[in-house]
Amino acid sequence: MRLIVTEDYDSLSRVGANFVAEIIAANPAATVVPAMGDTPMRIYAELAARRQRRELDTLQIRVFQLDEYAGIDTEDPRLLYGWLLRSFVAPLGIPESNVVRLRGDVEDVQAACRDYESAAHEAGGFDLAILGLGPNGHLGFNEPPSEPDAPTRVVELTDESLESNARYWGGKDRVPRTAVTAGMDLLLASKQILLVVSGEHKSEILRRTINGPATPEVPASLLQHAANVTVIADRASWPFSTAGTQDSDSWAGK
C-alpha cells in the first residue's frame with residue numbers, strides 16, 4: 001500500500017487525476033469502477049478538462065457502476081447511476097453503451113447482482129477501482145462486517161451510512177435503507193486500486209484503514225492485503241507522521 005499525502009484537496013485532486021490519466025494512457029480500453037461521492041468529483045472534472053484539451057483519450061473506457069440504492073424509481077434524480085452519467089461518463093465522452101449498470105430497481109435484484117459479477121469476470125475484472133472511504137470504513141456499500149470474498153449483493157445500510165448520505169436526500173429518514181454494491185471480491189482483485197480521502201472527519205477511519213488490523217469490521221482495512229493499492233489523502237485526513245510511507249513517484253508532483 002502506497003500513501004501520498006497532499007497539502008490540500010486541490011492538490012489531492014491534481015495528483016489523483018495524474019494517477020488515473022497515466023493508467024488510461026497506458027490502457028485506453030481500461031475497465032474502471034468509479035466511486036460517486038464528494039471527494040473524487042474534482043478528479044473527474046480534471047480528467048474531463050484534459051479530454052477536452054485532447055490530452056487524454058477516454059472513448060474506449062468501459063465503466064462498471066460501483067453501487068446503487070435499491071427499490072427507488074428509475075427516474076429518481078438521486079439515483080447513483082444518474083450521478084455517474086453526469087459526473088464521469090458524459091464529461092469524459094464515454095458512450096453509455098460502455099457502462100455496466102448495477103441495478104437496484106428491478107424485480108429480481110439478486111439476479112441482477114449475479115449478472116453484474118458475470119460481466120465483471122468476462123471483462124477480466126477491473127483494471128482500476130477509484131474508491132472513497134466511508135465513515136465506517138465501507139468501500140462502495142460494503143458495510144461492516146464485509147468479508148474479503150463478499151460478492152456483489154443487496155446490503156442493509158448502517159446508521160453511519162444513512163447519516164452521511166442524509167444531505168443528498170434531504171434528511172436521514174428519507175435515505176433508502178437498502179442498496180446494492182459491487183462485492184469486496186471484485187474490488188480487492190482490481191489490478192489497480194486508488195483510495196482518495198479528504199477532510200479531518202476521515203482521519204480516524206483512515207488511520208484504522210492503514211495502520212489498524214485488517215478486519216471485516218473495517219472493510220477498507222482489507223486493502224492492506226490487496227495488490228497495487230494507492231491512497232491519496234490530504235493533510236487534514238492524515239495529520240500523522242508520513243515517515244516511511246509517503247510515495248515519491250514522479251506523477252505525484254505534476
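Student: What makes Arg-54 count as exposed in this structure?

Tutor: In this predicted model, Arg-54 has a relative accessible area of 78%, and the term exposed applies over 50%, so Arg-54 is exposed. Arg-54 belongs to the loop that runs between helix 2 (41-52) and strand 3 (62-64).

Student: What is notable about phi of Arg-54?

Tutor: Phi of Arg-54 lies near 65°, which is a positive value in a residue other than glycine. Most residues other than glycine have a negative phi.

Student: Why is Asn-228 called partly exposed?

Tutor: The relative accessible area of Asn-228 is 46%, and partly exposed covers the range between the buried limit of 20% and the exposed limit of 50%, so Asn-228 is partly exposed. Asn-228 sits in the loop between helix 7 and strand 10, and, although not a glycine, Asn-228 has a positive phi of about 55°.

Student: How do you know that the peptide bond from Pro-144 to Pro-145 is cis, and where is Pro-145 placed?

Tutor: The omega angle of the bond from Pro-144 to Pro-145 is near -5°, and the bond is cis. Most peptide bonds, by contrast, are trans. Pro-145 is located in the loop between strand 6 (128-132) and strand 7 (153-156).

Student: Which class of exposure does Pro-91 fall into, and what does Pro-91 touch?

Tutor: With a relative accessible area of 26%, Pro-91 lies between the limits of 20% and 50%, so Pro-91 is partly exposed. Pro-91 is in the loop between helix 3 (80-89) and strand 5 (99-100). Leaving aside residues up to four places away in sequence, Pro-91 touches Ala-48, Arg-51, Leu-85 and Arg-86. The C-alpha atoms of Pro-91 and Tyr-44 are separated by 8.2 Å, with these positions 47 residues apart along the chain counted as their distance in sequence.

Student: What makes helix 3 largely enclosed by the rest of the structure?

Tutor: Of the 10 residues of helix 3, 9 are buried, so helix 3 is largely enclosed; buried here means under 20% relative accessible area. Among the buried residues are Tyr-81, Trp-83 and Phe-88. The cover over the buried residues of helix 3 includes strand 2 (31-34), helix 2, strand 3, strand 4 (67-69), strand 5 and helix 5 (159-169).

Student: Which residues of helix 7 are buried, and how do you know that they line one face?

Tutor: In helix 7 (residues 203-211), the residues Ser-203, Ile-205, Leu-206, Thr-209 and Ile-210 are buried. Viewed down the axis of helix 7, these buried residues fall within an arc of 165°, so they line one face of the helix. An α-helix has 3.6 residues a turn, so residues three or four places apart point the same way. Strand 1 (2-6), strand 9 (192-197) and strand 10 (229-234) are included in what covers the buried residues of helix 7.

Student: What is the secondary structure of the protein chain, and why is the chain called as compact as a globular protein of that length?

Tutor: The protein chain has 7 helices and 10 strands. Its radius of gyration is 17 Å, close to the 18 Å that the globule rule gives for 254 residues, so the chain is as compact as a globular protein of that length. Buried residues make up 57% of the 254 residues, and, of the contacts with a separation of 6 or more, 79% are between residues 24 or more positions apart.

Note on methods
Residues are numbered from 1 along each chain as its sequence is written. This is a predicted model: local features need pLDDT of at least 70, side-chain atom pairs count only at pLDDT 80 or more; totals for chains, interfaces and linings use all residues. Side-chain values use heavy atoms; hydrogens and water are left out. Helices (H or I, at least four residues) and strands (E, at least two) are DSSP runs, numbered from the N terminus. The radius of gyration is taken over C-alpha atoms; the globule rule is 2.2 Å times the number of residues to the power 0.38. Buried means under 20% relative accessible area, exposed over 50%, partly exposed in between (1.4 Å probe, protein chains only). Contact means heavy atoms within 4.5 Å. The arc is that of the directions from the helix axis to the C-beta atoms.
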